[in-house]
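Student: I would like to learn how to read a model of this kind, going from its strands to its side chains. Could we take one feature at a time?

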Amino acid sequence: GDYTLQRAGTKPSKLSLAPPPAPIRLKDGAWTLAFMPGRDAPKEAMELERLAFWTDLGDEAVLHYSGTAKYRTAFDVPHHLVAQADLRHELNLGSVEPMARVRLNGTDLGLLWKPPFAVDVTGILRAGRNELEVDVTNLWNNRLLGELNYPDGFPGKGEKEFKAESSMPKKITLERKIQPSGLAGPVQVESSRRVPLDP
């Protein structure tokens with residue numbers, strides 16, 4: 001749109017700006033989710049039909065998984081998007097519980113631990129294929145609840161691979177609720193236009 005910038009003691013400056021590109025939303029069906037070995041997950045990795053918290057996937061062993069799980073996908077970016085030098089690109093993860101470490105095209109973009117779960121990817125985003133990894137780490141709460149609910153092993157899983165312990169076992173009771181864990185999105189690349197202003 002058209003804008004007028006008024007600074008104190010100067011004449012107004014008029015700006016005419018083109019709209020930024022529409023966000024690129026990453027597809028639901030292109031994600032894999034991998035778990036740490038030896039934590040009683042039903043398998044080391046699974047394909048996801050939709051991006052979701054792992055606590056919503058309907059498997060008791062996954063529901064009570066505590067540790068780090070890796071969400072992985074690949075997505076394409078058109079050349080004209082990264083070719084525009086005046087654009088700034090941000091990766092927005094949407095809904096995350098409770099924290100996530102992001103890697104795009106092999107570059108570690110740091111730990112995101114509070115909303116908004118978004119990080120600048122300008123200069124890292126590339127034309128063509130992009131590889132995204134999101135490591136989500138949760139707390140012991142869900143696993144300790146699993147120990148109380150299934151002391152002999154999770155349904156269909158057999159004997160447990162390891163036993164989780166807490167220094168405060170009496171404070172973890174069956175009345176405690178499962179804490180949502182994972183990445184639910186929507187994950188998208190959002191672009192904004194940087195506008196130089198005359199001094």
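**Reading strands, charges and burial**

In strand E12, Glu-131 is the bridge partner of Ala-74.

Student: Before we build on that pair, what kind of model is this?

Tutor: The model is a predicted one, and every value we discuss is computed from its atoms. With that in mind, the pair of Ala-74 and Glu-131 belongs to a longer ladder, in which ten bridges join strand E6, residues 68–77, to strand E12, residues 128–137, and these two strands run antiparallel.

Student: In which order do the strands of the open sheet follow one another?

Tutor: To read a sheet, one goes from partner to partner until no further partner is found. Here six strands form an open sheet, with antiparallel pairing, and the order is E5-E4-E6-E12-E9-E10. Strand E5 (45–48) and strand E10 (107–112) are the edges, and because each has a single partner strand, one side of each is left without a neighbour in the sheet. On average, and ignoring direction, neighbouring strands of this sheet are turned by 20° against each other.

Student: How many salt bridges does the model contain, and which residue pairs with Arg-72?

Tutor: The general idea is that side chains of opposite charge can pair when their charged atoms come close. In this structure the count comes to 13 salt bridges. One of them joins Arg-72 to Glu-133, with the closest N and O atoms 3.4 Å apart. Since Arg-72 lies in strand E6 and Glu-133 in strand E12, the pair ties together parts that are 61 residues apart in sequence. As for their surroundings, Arg-72 counts as partly exposed at 34% relative accessibility, and Glu-133 counts as partly exposed as well, at 23%.

Student: Which residues form a salt bridge with Arg-88 and with Arg-101?

Tutor: The side chain of Arg-88 meets that of Glu-90 in a salt bridge of 3.4 Å, taken from N to O, and Arg-88 is partly exposed, with 28% relative accessibility. Arg-101 forms a salt bridge with Asp-108, whose closest approach between N and O atoms is 3.1 Å. Within that pair, Arg-101 is partly exposed at 29% relative accessibility, and Asp-108 is likewise partly exposed, at 41%.

Student: Which residues are linked in a network of salt bridges?

Tutor: Asp-40, Arg-143, Glu-147, Lys-160 and Lys-163 are linked in such a network. Two of these names, Arg-143 and Glu-147, return when we turn to helix H3, where they are listed among the buried residues.

Student: How many residues of helix H3 are buried, and what covers them?

Tutor: Helix H3, residues 141–149, is mostly covered, with seven of its nine residues buried. The buried residues are Asn-141, Asn-142, Arg-143, Leu-144, Leu-145, Gly-146 and Glu-147, and what covers them includes helix H1 (60–63).

Student: Where is Arg-39 placed, and with which residues is Arg-39 in contact?

Tutor: For a loop residue, it helps to look past its neighbours in sequence and ask what else surrounds it. Arg-39 is placed in the loop between strand E4 (31–35) and E5. Beyond its neighbours within four places in sequence, Arg-39 is in contact with Tyr-65, Ser-66, Gly-67, Trp-140, Arg-143, Glu-161 and Phe-162. The C-alpha atoms of Arg-39 and Lys-160 are separated by 8.3 Å, although the two residues are 121 residues apart along the chain.

Student: Is Ser-191 buried or exposed, and which side chain makes a polar contact with Ser-191?

Tutor: Ser-191 lies in strand E14, residues 188–193, and counts as buried, because its relative accessibility is 10% and the cut-off for buried is under 20%. Its side chain is joined to that of His-89 by a polar contact of 2.8 Å. When neighbours within four places in sequence are left aside, the contacts of Ser-191 are Pro-20, Pro-21, Leu-81, Arg-88 and His-89.

Student: Is Asn-130 buried or exposed, and which side chain makes a polar contact with the side chain of Asn-130?

Tutor: Asn-130, found in strand E12, is buried, with a relative accessible area of 0%. Its side chain makes a polar contact of 2.8 Å with the side chain of Asn-105, and a polar atom of the Asn-130 side chain also lies 3.0 Å from the backbone oxygen of Gly-128. Outside its neighbours within four places in sequence, the residues in contact with Asn-130 include Thr-73, Ala-74, Phe-75 and Leu-104.

Notes
Residues are numbered from 1 along each chain as its sequence is written. This is a predicted model: local features need pLDDT of at least 70, side-chain atom pairs count only at pLDDT 80 or more; totals for chains, interfaces and linings use all residues. Side-chain values use heavy atoms; hydrogens and water are left out. Two strands pair if DSSP finds at least two bridges between them. Helices (H or I, at least four residues) and strands (E, at least two) are DSSP runs, numbered from the N terminus. Axes are lines fitted to C-alpha atoms, for helices over the stretch in contact, and angles run from 0 to 180 degrees between N-to-C directions. A salt bridge is a side-chain nitrogen of Lys or Arg within 4 Å of a carboxyl oxygen of Asp or Glu. Buried means under 20% relative accessible area, exposed over 50%, partly exposed in between (1.4 Å probe, protein chains only). Contact means heavy atoms within 4.5 Å. A polar contact is a pair of N or O atoms within 3.5 Å; within protein, one must be able to donate a hydrogen and the other to accept it, and residues adjacent in sequence count only if both atoms are side-chain atoms.
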